[in-house]
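This report is meant for a reader who is meeting the structure for the first time. Please keep the sequence and the three-dimensional view at hand while reading the sections below.

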Amino acid sequence: MSQRFVSHAQAASQFLTDEARTDWHDETLWFIRQKRDKSAHALPEWEALRELASGIKDHALSELSTYLTQFEQNALANGIQVHWAATAAEHNQIVLDIIRQQTGPAAPRVVKSKSMLTEECHLNEFLIKHGVEVVDTDLGERIVQLRQEAPSHIVLPAIHLKKADVSATFQQHLGTEAGNEDPQYLTEAARHHLREKFVSASVAITGVNFAIAETGGFVVCTNEGNADLGVHLADVHIACLGIEKVIPRQEHLGVFLRLLARSATGQPITTYSSHFVRPRAGQVMHIILVDNGRSTQLGRPEFRNSLKCIRCGACFNTCPVYRRSGGHSYHNAVAGPIGSILAPNLDMRKNADLPFASTLCGSCTNVCPVKINIHEQLWHWRQTLTAEGLAPPAKTVAMKGMAWVLGHPTVYRLSGRIGRWVMQHVPALVNNRLNPWYKGRDMPSPPTQSFGEWYDKNRSRV
Amino acid sequence: MNNRQVILTAVARNQPATRPMPTLPEPSIERASADGFAQRVEAIGGTVVPISALTDIVSYVQTRFPPPARLVSTLPDLPLGERLSDPLVPGHTLETVDLALLMGSFGVLENGAIWLDSRHLPHRALPFICQHLALVVSSRALVPTLHDAYRRLSPDTFDYGVFIAGPSKTADIEQSLVIGAHGPRSLTVFLLTTDPSR
Ligand code: SF4
């Protein structure tokens, strides 16, 4: 995936060329948002739960070094091997070393369940380059993996695809009937294909939803059961987690698991919420704690809150920009509003466009189960990026021009009059592709006079 | 400094001043109703079969899974299926299990989930690799919410545990719900309304 860099705005306009498909994408995600609403409204204590979740995360982050140490000690006492990775590259190397140690020179087979962290670290590409066959086992992730694409959503990796796309992919790779688009049939084909991978894999990699300092254990949530199938059949389990995933106590899971699935898909809980504390007899278990920029983000007061994220995807489903631009336009493992906050922390220059991919409407903030002030952080990033000279050039030129006009009252008045005249008499001059504001919008019909002119004329009458 | 120290030092340096630990809600006062639980389980794709004695399970299972179906059960004293006594049996030998019949510890009213853990699980792979899963839960062992559930689970009493809520499912193909993703294609919950010890 090392093509020419395409900005969010460019990728979004590409996405928008298929209008029917864009509408479908938009409506599908909105439907999931509505399921979330229904589920949330069924709990009278919903707002109190969000407050609680936010408070627990605030507390956990404020004592993160203590909780990380406690988690490590307990995990070690439970017979789990604990590794620390400061960067994505270190994380990938640790995974490869564990695999090599396990399988020796034989071609290792690895199954992996959903983990946004391993996407962030580009683990798959790394392992494949080193001769390791790694199979994503979440159905949506397997679909995009076969298509050599990245997931477009953290909870619904193949949400950008239609049945026909999946059918064609499976026909090509799994030999299903041409033109058979029945989801039941296609899922059954994937079930057989992946069962064969599960029973032959010697190493299973999973992500982690929550790590518990008090017990040294961790929780993984899935609907398909793929994480468990992989882990319980393989000799080695490698669990990869970002350091921000640690929560103090087991009882706190009650709060987070009540919020997670309801916010994600509207389900009251995922089908499986698996609690791993000690390896089973004969199994080896590893945990890799990954920083990769998180400790830096922790030190930035205006962005620290983003570390509270439990990756439910609710902010994606509600976002008017995400819904109409698709996950791939964000060129980052985590897309959507929260991805646009996390990405500049990983690479400010490359991801400078993302905080601008928002209307700042605040809907994300309203749905977030851990009460992250998402839209405010996006606004903060815009300030930071502009100050660093990294804001997208079109925006910078326009803003500089605007600042100059606003700083010169005579010019401001004159330009307003000229603008209105132009929009009335030669609208094509602004309703064209050269005007970035016109893209995706129709310019409004201009008033005949400005507010200033109206005020001057009417002041005497009041 | 090694990685661990580098990370922990950076975290300690950058973490904000201590914020208070919030207190969790009080235990629920009301009892969890068996009917409400049954409705929840059905709503998430499970099938509920009320029973008044464990022996009721036998005929139900025998009609639906006649020989040569492979049954594995952890219920003592029921003339049904194989027992798995050796936890070291390789998981993939369980691939041919048609029905696994297991005892659940307790159920959660608000979401229809049933808790199972290593203390009662002969092999961790069993509830996932079987084609169909049946769990027994007593109507006396129901709690209203997940908060109540965690109160029952004292830390450090299990090596592995799982909440199971319905059969395995996916909606990854155009949001169409398909039951039976990788795990069981169905979940039957035998809801026991009298005390099994009698
Ligand atoms: S930022 Fe909030 S809403 Fe968005 S994925 Fe994270 S927890 Fe969910």
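## How the two chains meet

Two residues are said to be in contact when heavy atoms of theirs lie within 4.5 Å. The model described here is a predicted one, and in it 95 residues of chain A are in contact with 70 residues of chain B. The size of an interface is often expressed as the accessible area lost when the parts come together. Between chain A and chain B the buried area is about 6,800 Å², and carbon and sulfur atoms give 60% of this area.

## Charged and polar links across the interface

Between chain A and chain B the count of salt bridges is 7. One of the salt bridges joins B:E110 to A:R258, with 2.9 Å between the closest N and O atoms. Polar contacts are also found across the interface of chain A and chain B, where 39 residue pairs, both members at pLDDT 80 or more, satisfy the rule.

On the side of chain A that touches chain B, helix α10 of chain A, which covers residues 183-200, gives the most, with 11 residues. The residues of this side of chain A comprise 43 that are nonpolar, 30 that are polar and 22 that are charged.

## A strand pairing between the chains

Strand β9 of chain A (residues 272-276) and strand β8 of chain B (residues 160-164) run antiparallel and are joined by 5 bridges. Within this pairing, A:S273 has B:F163 as its bridge partner in β8(B).

## The surroundings of A:T118

Is A:T118, a residue of helix α6 (residues 116-120) of chain A, buried or exposed? A:T118 counts as buried because its relative accessibility is 2%, and the cut-off for buried is under 20%.

The side chain of A:T118 makes a polar contact with the side chain of A:K112 at 3.2 Å, and it also reaches the backbone oxygen of A:S115 at 2.9 Å. When residues up to four places away in sequence are not counted, A:T118 touches A:H91, A:K112, A:L123, A:I205 and A:C240.

## Chain B as a whole

Chain B has 198 residues, of which 52% count as buried, and its secondary structure comes to 5 helices and 11 strands. The C-alpha trace of chain B spans about 65 × 45 × 40 Å along its principal axes. Among the contacts in chain B that link residues at least 6 apart in sequence, 73% join residues at least 24 apart.

Technical notes
Residues numbered from 1 in each chain as written. Chains lettered and ligands numbered in written order. Heavy atoms only, no water. Buried area = accessible area lost by both parts, 1.4 Å probe. Salt bridge = Lys/Arg side-chain N within 4 Å of Asp/Glu carboxyl O. Polar contact = N/O pair within 3.5 Å; in protein donor to acceptor, adjacent residues only side chain to side chain. Helix = DSSP H or I, 4+ residues; strand = E, 2+ residues; numbered from the N terminus. Nonpolar A, V, L, I, M, F, W, Y, C, P; charged D, E, K, R; others polar. Pairing = 2+ DSSP bridges. Buried < 20%, exposed > 50% of the residue type's maximum accessible area, 1.4 Å probe, protein only.
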